[in-house]
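Let's work through a few short exercises together. Keep the structure open beside you and try each task before reading its solution.

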Amino acid sequence: MMAESAFKAKLVAATALVFLFGSGVVVGLAWDQTASASTPTETRGGERSERERTRHPMTIDRVGLSAVQKATVDSLYFFYGQRLSDLNTDFQPRFRAVMSDFRAELRQILTEDQRVTYDSLVLEREADHTLRRRNNRDR
């Protein structure tokens, strides 16, 4: 009976230590996030962030964020923007290869006149797309 209660006491103590350690890790991570965030006095009052200057406003910008929240949103924006850029770098060559194969098979079922028309329409669409991307980048 005594051994069983000693075991239970050790088990409770070990569980308490695990929870204490876990909560310390969580508090440490939260502290690290707030310590690296800009404080309202560190942000420039009337200036827009880099994200706000280079992109269209996002929905989150219309909820009345504080300066600290704006800094956090900017940090998330750039972090996930990089992830999307990396994904796009991997995706684009594969996408182009599939589209190239698709267009090649489409061209095989067309007559010569249809191929000429199709090729000119594809070139026109690609030029429009390039122009739209350039205009969006300049905004």
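**Exercise 1.** Is the crossing of H3 and H4 left-handed or right-handed?

*Solution.* Keep in mind that this is a predicted model. Start by finding the two helices: H3 covers 67-108 and H4 covers 112-138. Their crossing is right-handed.

**Exercise 2.** Describe how H3 and H4 pack, and find the residues in contact.

*Solution.* Two packed helices are described by an angle and a distance, both taken between their axes. Here the angle is about 155 degrees, and the axes lie 10 Å apart. Angles over 145 degrees count as roughly antiparallel, so H3 is roughly antiparallel to H4. Next, look at the contact: H3 brings Arg103, Leu106, Arg107 and Gln108, while H4 brings Arg115, Tyr118, Asp119, Val122 and Glu126. Sorted by class, this contact has three nonpolar residues, one polar and five charged.

**Exercise 3.** Which helices each supply at least two residues of the lining of the second largest pocket?

*Solution.* First, locate the pocket, which has a volume of about 330 Å³. Then pick out its lining: Gln92, Phe95, Arg96, Met99, Ser100, Arg103, Arg125, Glu126, His129, Thr130 and Arg133. H3 and H4 are the helices that each supply at least two of these residues. The largest share, six residues, comes from H3. Finally, sort the lining by class: two residues are nonpolar, four polar and five charged.

Notes: Residues numbered from 1 in each chain as written. Predicted model: local features only at pLDDT ≥ 70, side-chain atom pairs only at ≥ 80, totals over all residues. Heavy atoms only, no water. 1 Å grid on protein atoms, 1.4 Å probe; cavity = no way out; pocket = protein on both sides within 12 Å on 5 of 7 lines; lining within 4 Å. Points joined across faces, edges and corners; volume = space filled by probe spheres on them. Helix = DSSP H or I, 4+ residues; strand = E, 2+ residues; numbered from the N terminus. Nonpolar A, V, L, I, M, F, W, Y, C, P; charged D, E, K, R; others polar. Axes fitted to C-alpha atoms, helices over the stretch in contact; angles between N-to-C directions. Parallel < 35°, antiparallel > 145°, perpendicular 65-115°, else oblique. Left-handed = near helix turned anticlockwise from the far one by under 90°. Contact = heavy atoms within 4.5 Å.
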